[in-house]
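Biologist: Please take a close look at the salt bridges of this chain, and then carry the account on to the surroundings that can be described with the same care.

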Amino acid sequence: MVSTTRSSSFSLCLLMLGGFLLVLGTGCKNEPNKSDGTEDVSPARQTAFRVRSDIDTGLNADQGWAESLDQSATLPVERPFRIRFEVETPLNAPFVERFRLQYRRNEGQWRPVPAAGFPKAASEVTPRVSVVSTPAYNDRAEATDLLDGSTASYAGGTGMSLSAQGPALPDRGVQSEWEWPLVIRRYADGAVTNERGDRFTFRMVDAQGRPLPASDLPTVTATVPSRLLGGTFPETPGRLGPWEAPDGSLYFLMEPAESYNKLMTVKSTDGGQTWQEVDGPHRPETGDLEGFASAIHDGTIHMLHQIDAGVLHHSFQTTEHPGDPDTWAVRDDTVATPEEPPVQVTSLTARPDGSLVGVYGGPQRIHYKIRSPDGMWGTETTIPSPTGDALSGPQTTLGANGTVHLAYTRRDGTGWHRRIRPDGSLSPPTQVTSGLGTAETDVGSILPLVYLPESNATVILHRRASGQIWARRMADNGTLSSPAQVTERPVAQSAVDSDQVGADAVAIGSSVHVLFIEKGTGRLYHTSSSRRGEWGAATVQVDSADAQWVRGRPLRLGSPTPDTYGFVYDAGSNGGSGMNWYHEVSVER
């Protein structure tokens, strides 16, 4: 429990005034706040509180509580909860007040609790703590008498929802109740982090900013749920990880919040159970991960980042790096400055010699550049379009002998494959499909490419306009297999304006594994194929969230060879933040 001003000021008044004060039932109106030494206290006072863990419970239902009356609680970040306060107003106060909330973290300064939506902030900021909305009631809904701290007559109360200030008090010399829906974030603007064990204490203040005296204030001790990353996915993601270092460390690339969209590398040393940002003070300056992809080589994660103004290269050194592990190496290196494309798109592949092949978008075409092993970017090559239709949605993967396979879409609904040869030249195009959607939101209809070394084949998975995913395998000699249907369920496309299919694909051994998000339900499924043209029944992996993005990688996690499909998915941020979670599929080899 947290002792506040009321305890000391109330005792002092009792000593001076005796029973007269007990009759009034108020503290000393202008007694300074003894906890801070600088504040006056409000004539109104808090007489009880209760923390409610169930955000969906009705405003006046006596259920869904986290603890009993006047007991603080331990609750997870990124999961809304509510606090209900009981307040007595003095009979002789010559004013009608309004209430607001304040919080302090770990005995720090008291700060206002602003209103900001969850998971997407309704304002331009994402604070550590905010008043959010609740589906249980409308803002300013009438609250009945639930708490038992006061014996004064009940004059009504209010349930707040996405509002930082309450209405006028109902009367004087009475009690009222006030309930506030709140959330504590994992990451907020400035990439500030709320950690496990952080203590958040809440109090009500009046219109003049004076705290209401109280014997105890509600404190919520934060926990961080297992496998929660939080943060925000890039808008149109290529490969993001989780990238695995030889010591088992996992790395993933994302933003802390949609309103503070800087690039951050988060790391797990316990198989994805917990995640922390690494080398945050030196992260790149350029934010807004519009088109974003990554690749790893010799312990360094390379990133290609397209924004409106150009294309940038960053790199991060993992624990495998012998000199400076867990540090940013390259930041904000300009690769190209094409005119702004309709959709920012990138794909990046690292070749065995350490060179990089980066593909990115332009207004009507896609382009690529090659970075030499010593760090120099070469000249730009433009992918032609014989029909003049716009090209976009590039996906690449490394093939045999340094060859990079490239697939992309054309706005006439066709999908194409080409090779970028080891010398940087381009092979002739091969049409893969003609069944893609033709809207701008369909430009990313091709999944990340999959290369199977054992058969020297490239698997090109794509979402047709009908909604299902289909696959074709391209042999080393350029021949294509017959199309094979991968999913019966329709797959999400362009969730939250991503202009991309809601699916991911990897190779583990000789098998191809696909994760996909079912259109309309947000359920996340897994299917696989160990034989050309044959796909197993899809099994649900996540059915308790409205999944919107997913990206993964083959992982060893202590095994001699990869036998786990580890992935990070967005559990329904709707373009906001806080909903990135790690999960995995065990694979039989």
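Modeller: A network of salt bridges links R52, R82, R84, E177 and E179, where a salt bridge is a side-chain nitrogen of Lys or Arg within 4 Å of a carboxyl oxygen of Asp or Glu. The model is a predicted one, in which local features need pLDDT of at least 70 and side-chain atom pairs count only at pLDDT 80 or more, whereas totals for chains, interfaces and linings use all residues. Residues are numbered from 1 along each chain as its sequence is written, and side-chain values use heavy atoms, with hydrogens and water left out.

Within the network, R52 pairs with E179, and their closest N and O atoms lie 2.7 Å apart. This pair joins distant parts of the chain, since R52 belongs to strand β1 (residues 45–52) and E179 to strand β9 (residues 175–184), 127 residues apart; strands (E, at least two residues) and helices (H or I, at least four) are DSSP runs numbered from the N terminus. R52 is buried, with a relative accessible area of 0%, and E179 is likewise buried at 0%. Buried here means under 20% relative accessible area, exposed means over 50%, and partly exposed covers what is in between, with a 1.4 Å probe and protein chains only. Side chains of opposite charge can pair when their charged atoms come close.

Strand β9 also holds Q175, a residue that counts as buried because its relative accessible area is 2%. Its side chain reaches two backbone oxygens, that of A152 at 2.8 Å and that of S150 at 3.4 Å. Leaving aside residues up to four places away in sequence, Q175 touches E86, V87, E88, D145, S150, A152, S153, Y154, A155 and G156, contact being defined as heavy atoms within 4.5 Å.

The structure holds 21 salt bridges, and two further pairs can be set beside R52 and E179. D206 is paired with R210, the closest N and O atoms being 3.0 Å apart, and both of these residues are buried. D504 is paired with R551 at 3.7 Å between the closest N and O atoms; this pair, too, links distant parts of the chain, with D504 in strand β33 and R551 in strand β37, 47 residues apart. D504 and R551 are both buried.

R551 leads on to F567, a residue of strand β38 (residues 564–570). F567 touches P242, L515, L524, V550, R551, G552, W581, Y582, H583, E584 and V585, not counting residues up to four places away in sequence. F567 counts as buried because its relative accessibility is 0%, and its C-alpha atom is 8.3 Å from that of W581, a residue 14 places away in sequence.

Strands β33 (503–508) and β37 (549–555) are also among the elements that give two or more residues to the lining of the largest pocket, together with others including β13 (243–244) and β17 (291–297). That pocket has a volume of about 1,000 Å³ and is lined by 39 residues, of which W243, I296, A507, R553 and P554 lie nearest its centre. A pocket is an open set of points on a 1 Å grid over the protein atoms alone, where a 1.4 Å probe fits and protein lies on both sides within 12 Å along at least five of seven lines, and lining residues have an atom within 4 Å of a point. The volume is the space filled by probe spheres set on the points, which are joined across faces, edges and corners. The lining divides into 21 nonpolar, ten polar and eight charged residues; Ala, Val, Leu, Ile, Met, Phe, Trp, Tyr, Cys and Pro count as nonpolar, Asp, Glu, Lys and Arg as charged, and the others, Gly among them, as polar.

As for the chain as a whole, it has two helices and 39 strands, and buried residues make up 59% of its 589 residues. Its C-alpha atoms fill a box of roughly 95 × 50 × 45 Å along the principal axes. Among contacts between residues at least 6 apart in sequence, 57% join residues at least 24 apart.

Key
A polar contact is a pair of N or O atoms within 3.5 Å; within protein, one must be able to donate a hydrogen and the other to accept it, and residues adjacent in sequence count only if both atoms are side-chain atoms.
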